[in-house]
Amino acid sequence: MKSVTLLLGATAGAVFAFGATTANHPLKVDRKARKVTYAKDVAPILNERCVTCHRPGEVAPFSLIGYENARKWSGMTSAVAAKGVMPPWKAVHGFGEFRDENRLSDDQKEILKLWHDQGAPRGDRKKEPATPTFAGNEWTLGAPDMVLQSEKPFKLRAEGTDLYRNFVVHNDSTTPIYVNGIDIRPGNKKIVHHVITFLDGGHNGRRLEAKLADGQEGYTTSGGGVGFNPTGSLGGWAPGVRGRHTPDGTAFVVPAGTDFVLQIHYHPSGKPEEDQTKVGLYTSKEPPQKPIQLMWIFNFKVDIPAGEKEYKLRREFTIPADATMYTVMPHMHLLGKSMKSWLELPDGTTKPLVYVDDWDFNWQLNYVFKEPIHVPKGTKQIVEAVYDNSATNPRNPNNPPQRVTWGEATTDEMFLLIDAYTLDK
Ligand code: HEC
């Protein structure tokens, strides 16, 4: 069986298999008596959890490969680990079960702290594990059947705020395209923060591009939106994401003549840079037994008073037919604090889907369930979100706080959760 898929949006996770680790040992050792070294204890953690992003040419600002780098950063590393800031995995452990979960156990956090406190000793360098090797920037699923990309590299200015650029790929095919795999190769990882592939059945992107006409391909939007309501999405890329096929018998159906809009979130590097990101699609000639569909659960009633610290919003939705769910992706903007979603089945049981209790707009992750979830007809899906519009929220874009309502700009707010599913019949 093919592995379960990345269906939509981005999921962060390590790209190599996890071996045996120091995780999950009970914390019964006397702190002072426990001696930890880089070779024995720390290198395995950094190699497994951090260096996918913290290595040359990747998104993180410095490398954590090798003893010298690890030693230099031991203080910061133990601090961000203790706070749960790194690795950037936002779903609360134990509420829902996911593939590629990248988080540190309490014991691993303790090891990083002890190591720093003990002066970051190296230990026996002959016992240091080999640095993991990574695939280069080639396709991980083999050559794709179609590649979506801009015609020319996009030139990004050196300085300034983040930029959302949307590249329109015209699709003049007269038959549907059945997409059963996607692999995204960011062109320049110094500036590409994340990528989402949207579908545009109404050719709105073409119009927006023609209207802007600023001398480069594509058009700019002021936040996570693409400037219109997309007719679908094929998925995305964020650091750590690998190419995936959809589950057996399933595929996305791209209707004839539907354009693709590649949205790239750029983060200027301080120097002028260029990027030409490629989206590889794997397709089948035959229509799938079960087309993958997306459920966009919105609540447009977002209206957050200035200064409100705990603004709560909820949406309940009854699933009208037997279905199978594969992924879930919460989405809010800067005031979002938490989002939680679960199922209430007709037999009275509940099933957790996802709980992000420390929302960070910078890490738009799509969570892939460890096992697809069977959802009987009549199941209720509940989504709850909390927003913080007080002056004490460091991410509040307004100073002093102002009333914030639904909108596409990053300084507006959203309440959105996207499920990817197939209908059983
Ligand atoms: C999915 C990619 C990714 C992984 C995995 C990851 N990091 Fe990071 N890290 C980043 C990025 C990107 C930044 C830059 C800050 C930002 O954009 O949030 C960063 C920043 C940092 C910083 C600087 C924080 C600051 O406040 O300046 C530290 C320290 C750090 N990471 C340590 C770690 C450690 C330790 C691990 C593993 C336990 C890890 N990271 C795993 C991507 C990653």
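In this predicted model, the protein donates two atoms to the iron atom of the ligand: NE2 of His54 and SD of Met86, which lie 2.0 to 2.2 Å from the metal. Counting every donor, six atoms surround the iron atom, and the angles they subtend run from 83 to 179°, which makes the arrangement octahedral. That assignment requires opposite donors to be over 155 degrees apart and all others to fall between 65 and 115. For six octahedral donors, the ideal angles are 90 or 180 degrees.

The two protein donors come from separate loops. His54 belongs to the loop between helix H1 (38-49) and helix H2 (67-72), whereas Met86 sits in the loop between helix H3 (74-83) and helix H4 (106-117); the pair therefore ties together parts that are 32 residues apart in sequence. Their accessibility is as follows. His54 has a relative accessible area of 10% and is buried, because the limit for that class is under 20%. Met86, at 31% relative accessibility, counts as partly exposed.

Attention now turns to the enclosed spaces of the protein. Searching the whole structure reveals four cavities of 30 Å³ or more, and the largest cavity has a volume of about 50 Å³. Its lining consists of Met295, Ile319, Ala323, Met325, Gln381, Asp419 and Tyr421. Strand E17 (323-331) and strand E23 (416-423) are the elements that supply two or more residues to the lining of this largest cavity. Classified by residue type, the lining of the largest cavity comprises five nonpolar residues, one polar residue and one charged residue.

How values were computed
Residues numbered from 1 in each chain as written. Predicted model: local features only at pLDDT ≥ 70, side-chain atom pairs only at ≥ 80, totals over all residues. Heavy atoms only, no water. Donors = N, O, S within 2.8 Å, 3.2 Å for Na, K, Ca; no water. Tetrahedral: all angles 85-135°; square planar, octahedral: opposite > 155°, others 65-115°. Helix = DSSP H or I, 4+ residues; strand = E, 2+ residues; numbered from the N terminus. Buried < 20%, exposed > 50% of the residue type's maximum accessible area, 1.4 Å probe, protein only. 1 Å grid on protein atoms, 1.4 Å probe; cavity = no way out; pocket = protein on both sides within 12 Å on 5 of 7 lines; lining within 4 Å. Points joined across faces, edges and corners; volume = space filled by probe spheres on them. Nonpolar A, V, L, I, M, F, W, Y, C, P; charged D, E, K, R; others polar.
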